[in-house]
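Q: Could you take me through the site around the ligand in this model, along with the helix packed behind it? I'd like one connected walk-through that I can follow on screen.

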Amino acid sequence: MNKLRLKDIIKTPEVVGIGNPVDVKGWVRTKRGNNFVQFIQLNDGSIVTNLQVVADTDKFDEALLKQITTGSCIHVTGKLVESQGKGQNVEVQAETIEIYGTADPEIYPLQKKGHSMEFLREIAHLRPRTNYFGCVLRLRHAMAFAIHKYFNDRGFYYLHTPLITASDAEGAGEMFNVTTFDLNNIPRTKDGQIDYKQDFFGKHTNLTVSGQLEGELGAMALGNIYTFGPTFRAENSNTPRHLAEFWMIEPEMAFYDITDNMDLAEDFIKYLVQYALDNNMDDLKFLNDMFDKELIARLESVTKVDFVRLGYTEAIDILLQAKKKFEYPVKWGIDLQSEHERYLVENHFKKPVILTDYPKEIKAFYMKQNDDGKTVRAMDVLFPTIGEIIGGSEREADYQKLLNRVHELGMTEEQYWWYFDTRKFGSAPHSGFGLGFERLLLFVTGMTNIRDVIPFPRTPQNAEF
Ligand code: ATP
Ligand code: MN
């Protein structure tokens with residue numbers, strides 16, 4: 001079986017050897033040439049660089065060569081030779097060409113280069129064939145792999161938390177309902193309420209907005225766990241940083257305090273960025289040259305600097321003293337907007353910032369309460385160009401304090417009885433955080449819209465495919 005990818009041939013031509021036969025398959029990016037020779041740029045998705053196939057016109061049927069157009073898929077056998085032209089080391093001198101699939105130039109949408117990102121979003125089924133999305137999707141894979149490697153190497157266990165749940169995880173976001181009811185004929189109780197007892201699960205369920213609460217159950221048994229799965233939020237906000245379906249990584253660690261949690265978050269992100277620099281330089285170089293001239297420098301700088309660690313109250317003071325006029329006015333107690341977060345990171349400190357000790361009113365019920373009675377041991381990691389990339393906290397491990405907070409918020413213990421059990425039986429100090437996978441990818445790829453770092457984005461009014 002000869003299953004070399006173009007990447008192997010381009011990067012390590014010695015696996016074939018100059019002068020030896022090769023067999024290559026891929027999609028045609030461009031074809032140019034003259035009456036004597038045609039140059040075909042071939043790509044199979046394994047690398048951003050194309051492999052040049054040289055076809056002497058006298059060796060092939062004119063009709064066959066005519067069918068080789070941008071987007072078509074071909075199988076070429078021939079000889080690997082040193083390239084005469086500039087821009088590549090090796091090329092294939094074609095001896096046979098088989099056409100797997102043509103792509104009618106009249107209707108194939110990816111004819112020229114330089115399509116807008118907006119246009120490409122409308123053809124999400126074809127955009128993986130562009131150089132941009134090839135790079136983004138290879139990086140997406142590399143980051144997913146690196147995440148598992150990072151945790152596996154450090155003794156964390158991958159825990160699969162449910163996607164369908166009856167818990168609303170602290171109200172982290174608006175939820176999508178899950179039901180098998182006939183929406184035209186919803187069963188009602190005598191007093192007119194929806195009768196969820198008759199629904200599939202016998203209760204009201206929704207798609208998860210976070211795996212954290214179940215993740216904590218895992219941490220109280222296995223010590224260190226992480227989740228890595230899809231999360232759903234009916235965010236009707238239409239921002240370049242929010243999706244309705246996104247992937248989240250949520251480590252949860254027994255015996256970690258907030259400082260350990262910050263250390264882990266910082267080390268984790270630096271590792272991932274370094275992994276991209278070490279393993280995906282071709283993709284990064286392409287994105288850097290074509291899209292964002294500061295990308296590689298920004299990535300390198302993040303791996304080297306110490307992240308700033310700062311309390312929310314000090315951050316508010318800095319923002320109050322800032323010369324900049326903010327759209328949302330600053331005062332103690334507000335939930336920071338992306339403009340505030342980016343001011344701190346990009347203008348004031350010029351490096352990533354971990355903000356801690358937020359007012360308890362703007363954070364979830366499970367965060368560990370500080371002695372001041374006003375703030376909780378939350379931590380958000382703020383990044384250049386993005387704002388919040390990680391949200392986390394040390395968790396409240398004290399049963400009574402947790403119960404009081406739940407009551408303050410008008411919630412009941414019954415809703416979360418299984419969660420409270422961890423505080424009743426062998427409670428332990430513990431911490432965790434959630435990293436938005438697509439927010440990480442925005443940073444690593446330099447893309448500016450979150451719709452462009454996931455293959456099939458789900459946003460309001462958009463769920464094609
Ligand atoms: P934001 O304030 O930006 O909406 P959040 O406070 O709702 O974020 P968390 O509930 O703490 O976020 O979720 C953890 C992480 O998940 C965030 O730091 C972010 O990286 C990511 N995230 C949250 N909501 C979305 C979304 N709708 N689309 C993509 N990523 C998201
Ligand atoms: Mn949100």
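A: Let's settle one term before we start: a residue is called buried when its relative accessible area is under 20%, counting protein chains only as cover. Keep in mind too that this is a predicted model.

First, the setting. The chain has 13 helices and 16 strands, and its C-alpha trace spans about 85 × 55 × 45 Å along the principal axes. Of the 465 residues, 52% are buried. Taking the contacts between residues at least 6 apart in sequence, 66% join residues at least 24 apart.

Now to ligand 1. It is surrounded by 15 residues, and the closest are Glu 235, His 242, Leu 243, Glu 388 and Ile 389. Ile 389 is also a polar partner: one of its polar backbone atoms is 2.8 Å from an oxygen atom of ligand 1. A polar backbone atom of Gly 436 is 3.2 Å from a ligand oxygen. Arg 233 takes part through its side chain, where an N or O atom is 3.0 Å from an oxygen of ligand 1. Taken alone, ligand 1 exposes 580 Å², and the protein buries 81% of that.

Which elements give two or more residues to the shell around ligand 1? They are the strands β11 (245–254), β15 (387–394) and β16 (430–436). The most comes from β15, which gives four residues.

Two of those strands, β11 and β16, turn up again when you look at helix α5, as they are among the elements that cover its buried residues. This helix runs over residues 212–222. Its buried residues are Gln 212, Leu 213, Glu 214, Gly 215, Glu 216, Gly 218 and Ala 219. In an α-helix there are 3.6 residues a turn, so residues three or four places apart point the same way. You can try that on Gly 215 and Ala 219, both of which are on the buried list. The cover over the buried residues of α5 also includes β7 (164–165), β10 (224–232) and α12 (417–424). Just after the helix, Gly 223 takes a positive phi of about 90 degrees.

So much for the inside; a few words on the outside and the charges. The accessible surface of the chain comes to about 22800 Å², with 50% of it belonging to carbon and sulfur atoms. There are 53 positive and 66 negative side chains, and the centres of the two sets lie 3 Å apart.

If you want one view to keep, show β11 and β16 together with ligand 1 and α5: both strands give residues to the ligand's shell, and both help cover the buried residues of the helix.

Technical notes: Residues are numbered from 1 along each chain as its sequence is written. Chains are lettered from A and ligands numbered from 1 in the order in which they are written. This is a predicted model: local features need pLDDT of at least 70, side-chain atom pairs count only at pLDDT 80 or more; totals for chains, interfaces and linings use all residues. Side-chain values use heavy atoms; hydrogens and water are left out. Buried means under 20% relative accessible area, exposed over 50%, partly exposed in between (1.4 Å probe, protein chains only). Contact means heavy atoms within 4.5 Å. Accessible areas come from the Shrake-Rupley method with a 1.4 Å probe; for residues, only the protein chains shown count as cover. Lys and Arg count as positive and Asp and Glu as negative; His and the chain ends are not counted. The place of a charge is taken as NZ of Lys, CZ of Arg, CG of Asp or CD of Glu. A residue is near a molecule or strand if one of its heavy atoms lies within 4 Å of it. A polar contact is a pair of N or O atoms within 3.5 Å; within protein, one must be able to donate a hydrogen and the other to accept it, and residues adjacent in sequence count only if both atoms are side-chain atoms.
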